[in-house]
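Open the model in your viewer and keep the sequence panel beside it. Each stop below says what to select, then what is there.

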Amino acid sequence: MGSIEPSGWRRLSVGVIGGGIGGLSTAIALRRAGHSVTIYERNDFAGEAGASVSCAANGTRWLHEWGVDVHKGDPVILKKLINRDWKTGEPVSVYDLDDYEERWGYVYNMFHRQYMHKMLMDCALQDEGAGSPVKLLVNHPVGRDLARATNFGNVCVSHQPY
Ligand SMILES: Cc1cc2nc3c(=O)[nH]c(=O)nc-3n(C[C@H](O)[C@H](O)[C@H](O)COP(=O)(O)OP(=O)(O)OC[C@H]3O[C@@H](n4cnc5c(N)ncnc54)[C@H](O)[C@@H]3O)c2cc1C
């Protein structure tokens with residue numbers, strides 16, 4: 001059980017199922033909010049794949065808010081959206097994003113998916129930064145009907161619903 005403070009806030013023990021980009025982001029947000037987090041991931045990330053993931057200003061804002069070291073993700077900052085003719089490669093339209101950061105407050109990042117995943121994992125697990133490091137358990141599949149309490153071998157795990 002979490003300890004209850006006069007404000008009504010209490011530190012929860014939260015289980016996150018899945019350590020993809022969504023699960024890691026959720027875990028970082030919960031860690032920063034003061035909760036204790038364990039991620040259960042069915043794979044071991046050995047076969048990670050992917051190409052470019054767009055992270056516009058609304059996403060970049062959260063990376064900064066959570067203290068994620070964005071440079072670790074080696075992003076390319078989007079400056080122009082160029083639509084090209086399929087056959088000739090000639091530009092059909094160009095949408096200029098030069099004033100993007102000025103307008104939206106944060107840049108438009110393009111990450112390689114694997115780098116983004118690693119960047120978020122490092123942030124979630126590292127000792128540095130606010131909150132307790134997230135615990136990541138790989139090779140731990142969780143059954144659909146066992147989202148709140150599950151058994152891994154002889155070990156029974158339970159978390160509070162958030
Ligand atoms: C291989 C791959 C390549 C991709 N490449 C791109 C790309 O290049 N560009 C792009 O924009 N988008 C890409 N996507 C899509 C984008 O990555 C996803 O939209 C985004 O990662 C979704 O994040 P997610 O955390 O919701 O899901 P996922 O990244 O799919 O993560 C879900 C995680 O939950 C785990 N999991 C699922 N069920 C269980 C369970 N029962 N118990 C325990 N763990 C479980 C999975 O193993 C997985 O690690 C790719 C997705 C994949 C899978």
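The expected span of a helix is 1.5 Å times one less than its number of residues. Keep that rule for the helix at the second stop.

**The whole chain**

Start with everything shown. This is a predicted model. The protein has 4 helices and 10 strands. Along the sequence they follow the pattern β-α-β-β-α-β-β-β-α-β-α-β-β-β. Colour by burial next: buried residues make up 22% of the 162 residues. Then turn on contacts with a separation of 6 or more; residues 24 or more positions apart account for 61% of these.

**Helix α1**

Select residues 21-32, which form helix α1. Does the length of this helix agree with the expected span? At 1.5 Å a residue, its 12 residues should span 16 Å, and the end C-alpha atoms are 17 Å apart, so the two agree.

Now pick out its buried residues: G23, L24, S25, T26, A27, I28 and R31. What covers them? The cover includes β1 (13-17), β2 (36-40) and α4 (113-125). Show β1 and β2 with the helix. α1 lies across both strands and runs at about 170 degrees to β2. Step just past the end of α1 to G34, which takes a positive phi of about 100 degrees.

**The parallel sheet**

Keep β2 and add its sheet. Three strands form an open sheet in the order β1-β2-β8, with parallel pairing. β1 and β8 (135-137) stand at the edges with a single partner strand each, so one side of each has no neighbour in the sheet. The twist averages 20 degrees from one strand to the next. Zoom in on β2 and β8: 3 bridges join these parallel strands. For one of the pairs, select T38; its bridge partner in β8 is K135.

**The ligand shell**

Select the ligand and the 19 residues around it. Which come nearest? They are G18, G20, G22, G50 and A51. The elements that give two or more residues to this shell are α1 and β3. α1 supplies the largest share, 3 residues. Colour the shell by residue class: it divides into 8 nonpolar, 8 polar and 3 charged.

**The antiparallel sheet**

Follow β3 out of the shell. A second open sheet of 3 strands has the order β3-β7-β4, and its pairing is antiparallel. β3 (52-55) and β4 (76-77) are the edge strands, each pairing on one side only. Add α4: this helix packs on the sheet and touches β3 and β7. Its direction makes about 95 degrees with that of β7.

Look at β7 (residues 109-112) from each side. Antiparallel to β3, it is joined to that strand by 4 bridges. It pairs with β4 in the antiparallel sense over 2 bridges. Select M110 in β7. M110 is the bridge partner of S54, and M110 is also the bridge partner of V76.

Show the side chains along β7. In a regular strand the side chains alternate between the two faces of the sheet. Here N109 and F111 point to one face and are buried. M110 and H112 point to the other face and are not buried.

**A56 and Y108**

Move to A56, in the loop between β3 and α2 (57-65). Is A56 buried, partly exposed or exposed? It has 15 C-beta neighbours inside 10 Å, so it counts as partly exposed. A residue needs 20 or more for burial, and 12 or fewer would make it exposed. Add Y108 and draw a distance. The two residues are 52 apart along the chain, while their C-alpha atoms are separated by 4.3 Å.

**The β5-β6 hairpin**

Finish with residues 80-84, strand β5, and residues 91-96, strand β6. The two strands pair in the antiparallel sense over 5 bridges. They form a hairpin with 6 residues between them. In the turn, G89 has a positive phi of about 80 degrees. Select L81 to check a pair: its bridge partner in β6 is Y95.

Last, colour β6 by burial. Of its 6 residues, the number buried is 0, so β6 lies largely in the open.

Key
Residues are numbered from 1 along each chain as its sequence is written. This is a predicted model: local features need pLDDT of at least 70, side-chain atom pairs count only at pLDDT 80 or more; totals for chains, interfaces and linings use all residues. Two residues are in contact if their C-beta atoms, placed from the backbone, lie within 7 Å. Two strands pair if DSSP finds at least two bridges between them. Axes are lines fitted to C-alpha atoms, for helices over the stretch in contact, and angles run from 0 to 180 degrees between N-to-C directions. A residue is near a molecule or strand if its C-beta atom, placed from the backbone, lies within 6 Å of it. Ala, Val, Leu, Ile, Met, Phe, Trp, Tyr, Cys and Pro count as nonpolar, Asp, Glu, Lys and Arg as charged, and the others, Gly among them, as polar.
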